[in-house]
Amino acid sequence: MTRRMTPLELMTKLISFPTVSRDTNLPLVDWVEGYLNDHGISAHRYYHPEEPKAALYAHVGPEVEGAIVLSGHTDVVPVDGQPWDTDPFVVTEKDGKYFGRGTCDMKGFDALALWALVEAHYARVKTPLQLALSFDEEIGCLGAPPMIKAMQGVVPKGGPVIVGEPSMMKAVTGHKGGQGFDTHVVGFEVHSSLLPQGVSAILEGAKIIDFANQRNAENMAAEPSTLAAMFDPPFTTWHVGQVHGGTAHNITAKDCHFAMDFRAVPGDDLVALKEGYLAHVAEIEKGMKAIHPETRVEIETRFDVPPLKPEEDGEAEGLARAITGDNGTHVVSYGTEAGQFQAAGYSAVVCGPGDIAQAHQPNEFITVAQFEAGHAFMRDLVARLA
Ligand SMILES: [Zn+2]
């Protein structure tokens, strides 16, 4: 019989695959599938339609609905330009911490979930357990929705979902959602001394960008809803993180590119927020076209992540609280795949080892204590399912 690896051995193995989002994750998926197969567990894949990437999911226990779903992502953020003291793809233990890219976000949890799946299999659990490992989470939570769709009908519908993003093992029941829009303003070039005859993509872009200032001021001044009041800040924020445009100081810019994003509190209508932005853009575009009909604004949605709304007596929340003993109220302002599972009809909670403060950092780590806490969580979970 194949030896069962410890959570630390599993994490070490998973981190040895440099699955930065822009690169393939197939070697990792191959290895995980092989490991599960060695233990008599079959796994399923959902392939990215164009890139060499796959999500992997598996089910153990009776073939019935209501499995606990352990959800993680396989991709990690790049290490380029970061000053690491150790090899980011080799787990190194020092001062009570495991260093390595993904220890915290979130191959530590992936390893624990993989461990739990194999244990649950051998324990012949009465309630089934599922593992769901996505790709492309770090570039806008793009991989989970098609994976969730692919799971339907292939494995029995799961029940409560635990998304193991680093939360210090607290039960996080709400997070903001968001959308991002790549915006390309196409102007008309003239010498800037002839300004009225041209259309400066930068000056028009500035009017579009000012939408963020207007909305932020409005939202900040408004009375937050009870739901929104749980968040910091307690309102939807709009932001532009990058702008590129223009060729010379004396030419009205032909092009201006920027990324307009919002982070929405649960309860705000994401569709209405997007439509508000598009209406503002249309208004500006009208003025541009009046000068030069060929000028325009092109918009592409870069990401679209639904918020996680705190559930009334949520099943996932109840399970996480029962195991961790955590009864506090926790919401976060970053997006996760939990909102996507919830949008697909699952009960979902975020609960995983490690501190989000260490995610994406050089010398990313998870403390040995947090990793152990995650292990204890999985032991308890498997015992409950048995
Ligand atoms: Zn993550």
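1. H73 is a buried residue, because its relative accessibility is 0% and buried means under 20%. This note concerns a predicted model, and H73 is a suitable place to begin, since H73 belongs to the zinc site. The zinc ion is coordinated there by NE2 of H73, by OD of D105 and by two OE donors of E165, at 1.8 to 2.5 Å. E165 is likewise buried, because its relative accessibility is 3%.

2. The geometry of the zinc site deserves attention. The 4 donor atoms make angles of 54 to 138° among themselves, and the site is irregular. Along the chain the donors follow the spacing H-x31-D-x59-E. Distant parts of the chain are linked in this way: H73 lies in strand β3 (residues 67–73), while E165 lies in the loop between β7 (158–163) and β8 (174–175), 92 residues apart.

3. One zinc ligand also takes part in an uncommon backbone feature. The peptide bond from D105 to M106 is cis, with omega near -10°. M106 is placed in the loop between β5 (97–99) and α3. A second cis peptide bond runs from D232 to P233, with omega near -5°, and P233 lies in the loop between α5 and β10. Most residues other than glycine have a negative phi, and most peptide bonds are trans.

4. Positive phi values should be checked at two residues other than glycine. D95, in the loop between β4 (92–94) and β5, has phi near 50°. C141, in the loop between β6 and α4 (144–151), has phi near 55°. Their surroundings are opposite in kind: D95 is exposed, with a relative accessible area of 67%, whereas C141 is buried, with a relative accessible area of 6%. A positive phi of about 75° is also found at G325, just after α7.

5. What is the setting of strand β7? Of its 6 residues, 6 are buried, so β7 is largely enclosed by the rest of the structure. β7 pairs in the parallel sense with β3 over 4 bridges and with β14 over 3 bridges. In the first pairing A67 stands opposite G158; in the second, A348 is the bridge partner of V161.

6. V161 illustrates the packing around β7. This residue is found in that strand and counts as buried, because its relative accessibility is 0%. Leaving out residues up to four places away in sequence, V161 touches V69, S71, A316, F341, Y346, S347, A348 and V349. V161 and A320 are 159 residues apart in sequence but 9.8 Å apart in space, C-alpha to C-alpha. A316 and A320 are among the buried residues of α7, together with E317, L319, R321 and I323. The buried residues of α7 pack against β3, β7, β14 (348–350) and α9.

7. The largest nonpolar core has 53 residues, of which L36, L70, L129, I162, M378 and L381 touch the most other members. At least two residues each come from α1 (7–15), α2 (26–38), β2 (54–60), β3, α3 (107–122), β6 (129–134), α7 (315–324) and α9 (368–385). The largest share, 10 residues, is supplied by α3. L129 gives a local view: beyond its neighbours within four places in sequence, its contacts include A58, V60, I68, L70, A116, L117, L381 and L385. Another core lies apart from the largest one and has 22 residues, including I208, V240, C256 and F258. In soluble globular proteins, nonpolar side chains tend to be buried together.

8. A separate point concerns the open sheet. Its 4 strands follow the order β10-β11-β9-β12, with antiparallel pairing. The edge strands, each pairing on one side only, are β10 (237–245) and β12 (296–305). From one strand to the next the twist averages 15°. Strands β9 (residues 177–186) and β11 (residues 255–264) are joined by 10 bridges, and M260 in β11 is the bridge partner of F181.

9. Two helices pack on this sheet. Helix α5 (residues 201–221) touches β9, β10, β11 and β12, and its direction makes about 165° with that of β10. Helix α6 (residues 270–291) also touches β9, β10, β11 and β12; its direction makes about 165° with that of β12.

Conventions: Residues are numbered from 1 along each chain as its sequence is written. This is a predicted model: local features need pLDDT of at least 70, side-chain atom pairs count only at pLDDT 80 or more; totals for chains, interfaces and linings use all residues. Side-chain values use heavy atoms; hydrogens and water are left out. Two strands pair if DSSP finds at least two bridges between them. Axes are lines fitted to C-alpha atoms, for helices over the stretch in contact, and angles run from 0 to 180 degrees between N-to-C directions. Contact means heavy atoms within 4.5 Å. Donors are N, O and S atoms within 2.8 Å of the metal (3.2 Å for Na, K and Ca); water is not among the atoms, so sites may look incomplete. Four donors count as tetrahedral if all angles lie between 85 and 135 degrees; four count as square planar and six as octahedral if opposite donors are over 155 degrees apart and all others between 65 and 115; anything else is irregular. Buried means under 20% relative accessible area, exposed over 50%, partly exposed in between (1.4 Å probe, protein chains only). A nonpolar core is a set of buried Ala, Val, Leu, Ile, Met, Phe, Trp, Tyr and Cys residues joined through side-chain atoms within 4.5 Å.
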